[in-house]
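Me: Please take a close look at the metal site of this structure and describe how it is built. I should like one connected account.

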Amino acid sequence: MSLLITNGRIVTADEDFAGDVFIENETISMIGRHLSLKADRVIDASGMLVLPGGIDPHVHLDMPFMGTYSSDDYATGTAAALHGGTTMVIDFVIQTQGKSLRDALVEWQGRSNGKACCDYSFHMAVTDFNENTKAEIASMVNDEGITSFKTFMAYKGSLMIDDRQMAGLMEEVKRHGGMVSVHATNGDLIDFLVTKHRAEGKLAPLYHYLSQPEITESEASGRFVDMAWQTGVPSYIVHLTCEGALNQIRRAAQRNQKVFAETCTQYLLLDASLYGEDFEGAKWVMSPPLREKKDQKALWGGLDQGSIQVVATDHCPFTWDQKQKGKDDFSKIPNGHPGIENRMELLFSEGVNTGIISVNKFVEVTSTNAAKIFGMFPKKGCVAVGSDADLVIFDPNEEHTMSAKSHHMNVDYSAYEGWKTKGKTKTVLMRGTVAVEDGELKVKPGHGAYVKRNKVNGII
Ligand code: URP
Ligand code: ZN
Ligand code: ZN
């Protein structure tokens, strides 16, 4: 099977040129100008951008959390990802404390096998680091291609590990060529503030926000950065939201330490004014919470300067009905929000079309850097001969309005309801197969494959 994309504007992390892309089976086999090749199908991309498929390295599909499951499973979540121009996601396998990493992996394989529409991989979240867990790290890296290990400095009592465990994990992961990532907020201080607010009868979504002030994130980010410095492990901070945490990365850079960081679409575009005394704010109850306008400014700056390398989503949707679990107590609202489908279009509209970031930077932070950081480049994350033909044909000018009525995520509200955007995913190729066209999904669950990732060294 061959496919020729003609007359596109091909944009990569460092190039921008007019050309054609020839695909044979799953792979890009030629790139050039006016290629006169016979193909089974020709797609005219005049007026369109041809981009590497988006990579979202932070999603939670069918995730057991806070007494329920995130509402997108592998079929619906990856279908929605494709509609938005994301062709690869990395989900988190989460160890149950007292059980093994292998147990958790088997559980996640059971939920994902044969169901994904786009390609996917796993990070391993270590919630209980001990001698048994330590002995499993090598096999995760070498046999399963799981080269990134997530930690939680928050969610005290369920997912949180202490600093002793963190340091032990870092040392072991470094030994085997992996990376340690972190949800960096101070779990003890948050636990204290949650308890205090509840005792005072302050139970609205606003108090979710007030229980996780900026210092809970900046302090934990700094502590994580210091432990990574001490152990020398490649490191990555997930969903960085605020100026204080960003400054910890800048501090590390001053001593020539490289710490990778990801922010998410919602932290760039939404702010804490959405939380109030009524329950509406539950839609945006996530951890860390949305921050202030000054933090948005810092995050855009961090992206532009290269201190933040990735924009992900932390897609973890819960229906409005599921959110009602916390109707009378913010601490019971399932944490998370939907965004997997919106990321590329929102970032293009609000970042590129407004002139804040370049189109090359857009490609870098939505695809290429994640591929490099997480050991998938150049198979993923670029438009190059030999790479997987994961491509997005994108109209930079088409306007549309985001709404739960038209999105494909399995959730009955949109975090961006009524948001007008300019820039739209038109056609998506997933390893050479047309996966989305004319707003329709063309692949079936099971088309997506598990991607084993290479070892990482903290250099991109
Ligand atoms: O609120 C969030 N972010 N839910 C998903 C779990 C996590 O902390 O990433
Ligand atoms: Zn988190
Ligand atoms: Zn998350």
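Reply: In this predicted model, the zinc ion (ligand 2) and the zinc ion (ligand 3) are separated by 3.8 Å.

The zinc ion (ligand 2) is held by two protein donors, ND1 of His183 and NE2 of His239, at 2.0 to 2.1 Å. The angles among its four donor atoms run from 56 to 151°, and the site is irregular. Because histidine 183 belongs to strand S12 (residues 179-183) while histidine 239 sits in the loop between strand S13 (235-237) and helix H9 (243-254), the pair ties together parts that are 56 residues apart in sequence. Histidine 183 counts as buried, its relative accessibility being 1%. Histidine 239 is buried as well, with a relative accessible area of 2%.

The zinc ion (ligand 3) takes its protein donors from His58 (NE2), His60 (NE2) and Asp314 (OD), which lie 1.9 to 2.2 Å from the ion. Here the four donor atoms subtend angles of 85 to 134°. The arrangement is therefore tetrahedral, since that class requires all angles to lie between 85 and 135 degrees. Along the sequence, the donor residues of this ion follow the spacing H-x1-H-x253-D. Histidine 58 is part of strand S6 (residues 54-59), and aspartate 314 is found in the loop between strand S15 (310-312) and helix H12 (320-323), so this pair links parts that are 256 residues apart in sequence. Both histidine 58 and aspartate 314 are buried.

Ligand 1 shares these surroundings. The residues around ligand 1 include the zinc donors His58, His60, His183, His239 and Asp314. Also surrounding ligand 1 are Phe65, Tyr155, Met286, Ser287, Cys316, Asn335 and Gly336.

Several polar contacts can be described for ligand 1. A polar side-chain atom of aspartate 314, a residue that also serves as a donor to the zinc ion (ligand 3), is 2.5 Å from a nitrogen atom of ligand 1. The side chain of tyrosine 155 places an N or O atom 2.6 Å from an oxygen atom of the ligand. Glycine 336 takes part through its backbone, where an N or O atom lies 3.4 Å from an oxygen atom of ligand 1. On its own, ligand 1 has 260 Å² of accessible area, and the protein covers 100% of that area.

Terms used
Residues numbered from 1 in each chain as written. Chains lettered and ligands numbered in written order. Predicted model: local features only at pLDDT ≥ 70, side-chain atom pairs only at ≥ 80, totals over all residues. Heavy atoms only, no water. Donors = N, O, S within 2.8 Å, 3.2 Å for Na, K, Ca; no water. Tetrahedral: all angles 85-135°; square planar, octahedral: opposite > 155°, others 65-115°. Helix = DSSP H or I, 4+ residues; strand = E, 2+ residues; numbered from the N terminus. Buried < 20%, exposed > 50% of the residue type's maximum accessible area, 1.4 Å probe, protein only. Near = heavy atom within 4 Å. Polar contact = N/O pair within 3.5 Å; in protein donor to acceptor, adjacent residues only side chain to side chain. Areas by Shrake-Rupley, 256 points an atom, 1.4 Å probe, with all protein chains shown as cover.
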